[in-house]
Amino acid sequence: MVGKTLKFEDGAVQFRQRLITSILSHRSILIRNIRSDDVIQPGLHEHEASFLRLLDRMTNGTIVEINAT
């Protein structure tokens, strides 16, 4: 199953664990609707964006794409 994208529609639930699973299994990941129902702070929090930047620097060949909320 290597190469198949992991897709999650429920946003930030278990965010870090899903990213680590993606890296360890060599599968791409698509996470949607991160706090989409939160009117005050939708999307990624700063610590989550920092974690993504850390993973990007620590891994070879990682492509991080974050769409605007």
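These exercises, each with a worked solution, deal with the predicted model shown above.

Residues are numbered from 1 along each chain as its sequence is written. Because the model is predicted, local features need pLDDT of at least 70 and side-chain atom pairs count only at pLDDT 80 or more, while totals for chains, interfaces and linings use all residues; side-chain values use heavy atoms, without hydrogens and water.

**Exercise 1. Find where Val-13 lies and classify its exposure.**

Step 1. Helices (H or I, at least four residues) and strands (E, at least two) are DSSP runs, numbered from the N terminus. Strand S1 covers 6-8 and helix H1 covers 15-25, and Val-13 lies in the loop between them.

Step 2. A residue is buried under 20% relative accessible area, exposed over 50%, and partly exposed in between (1.4 Å probe, protein chains only). Val-13 has 42% relative accessibility, so Val-13 is partly exposed.

Step 3. From Val-13 to His-45 there are 32 residues in sequence and 13 Å in space, taken C-alpha to C-alpha.

**Exercise 2. Place His-45 and state its exposure.**

Step 1. His-45 sits in the loop between S2 and H2.

Step 2. Its relative accessible area is 23%, and therefore His-45 is partly exposed.

Step 3. His-45 and Asn-60 are 15 residues apart along the chain, and their C-alpha atoms are separated by 24 Å.

**Exercise 3. How many salt bridges does a search of the whole structure find, and which residues form them?**

Step 1. Side chains of opposite charge can pair when their charged atoms come close. The criterion for a salt bridge is a side-chain nitrogen of Lys or Arg within 4 Å of a carboxyl oxygen of Asp or Glu.

Step 2. The search finds 2 salt bridges.

Step 3. One of them joins the side chains of Arg-35 and Glu-48, at 2.8 Å from N to O. This pair links distant parts of the chain, 13 residues apart: Arg-35 is in the loop between strand S2 (29-31) and helix H2 (46-58), and Glu-48 is in helix H2. Both Arg-35 and Glu-48 are buried.

Step 4. Arg-53 forms a salt bridge with Glu-46, with 2.9 Å between the closest N and O atoms. Arg-53 has a relative accessible area of 38%, so Arg-53 is partly exposed. Glu-46 reaches 56% relative accessibility and therefore counts as exposed.

**Exercise 4. Describe the backbone angle phi of His-26 and of Arg-35.**

Step 1. His-26 is not a glycine, yet its phi is positive, at about 60 degrees. His-26 lies in the loop between H1 and S2, and with 63% relative accessibility His-26 is exposed.

Step 2. Arg-35, also not a glycine, has a positive phi of about 50 degrees. Arg-35 is the residue already met in the salt bridge with Glu-48.

**Exercise 5. Which residues make the nonpolar surface patch of about 260 Å²?**

Step 1. Patches are built from residues with over 30% relative accessible area and no salt bridge; like charges are joined within 9 Å, and nonpolar side chains (Val, Leu, Ile, Met, Phe, Trp, Tyr) within 5 Å. Accessible areas come from the Shrake-Rupley method with a 1.4 Å probe, and for residues only the protein chains shown count as cover.

Step 2. The patch is made by Ile-20, Ile-23 and Leu-24.

Step 3. Leu-24 belongs to helix H1 and is exposed because its relative accessibility is 66%. Ile-20 is also in helix H1, but Ile-20 is partly exposed, at 34% relative accessible area.

Step 4. The C-alpha atoms of Ile-20 and Leu-55 are separated by 8.9 Å, with their positions 35 residues apart along the chain.

**Exercise 6. Is Phe-15 buried or exposed?**

Step 1. Phe-15 is found in helix H1.

Step 2. Its relative accessibility is 5%, so Phe-15 is buried.

**Exercise 7. What is the volume of the largest pocket, and which residues are the closest to its centre?**

Step 1. On a 1 Å grid over the protein atoms alone, a pocket is an open set of points where a 1.4 Å probe fits, with protein on both sides within 12 Å along at least five of seven lines; lining residues have an atom within 4 Å of a point. Grid points are joined across faces, edges and corners, and a volume is the space filled by probe spheres set on the points.

Step 2. The largest pocket has a volume of about 1,000 Å³. Its lining has 30 residues, and the closest to the centre are Ile-29, Leu-30, Ile-31, Glu-65 and Ile-66.

Step 3. H1, S2 and H2 are the elements that give two or more residues to this lining. H1 supplies the largest share, 4 residues.
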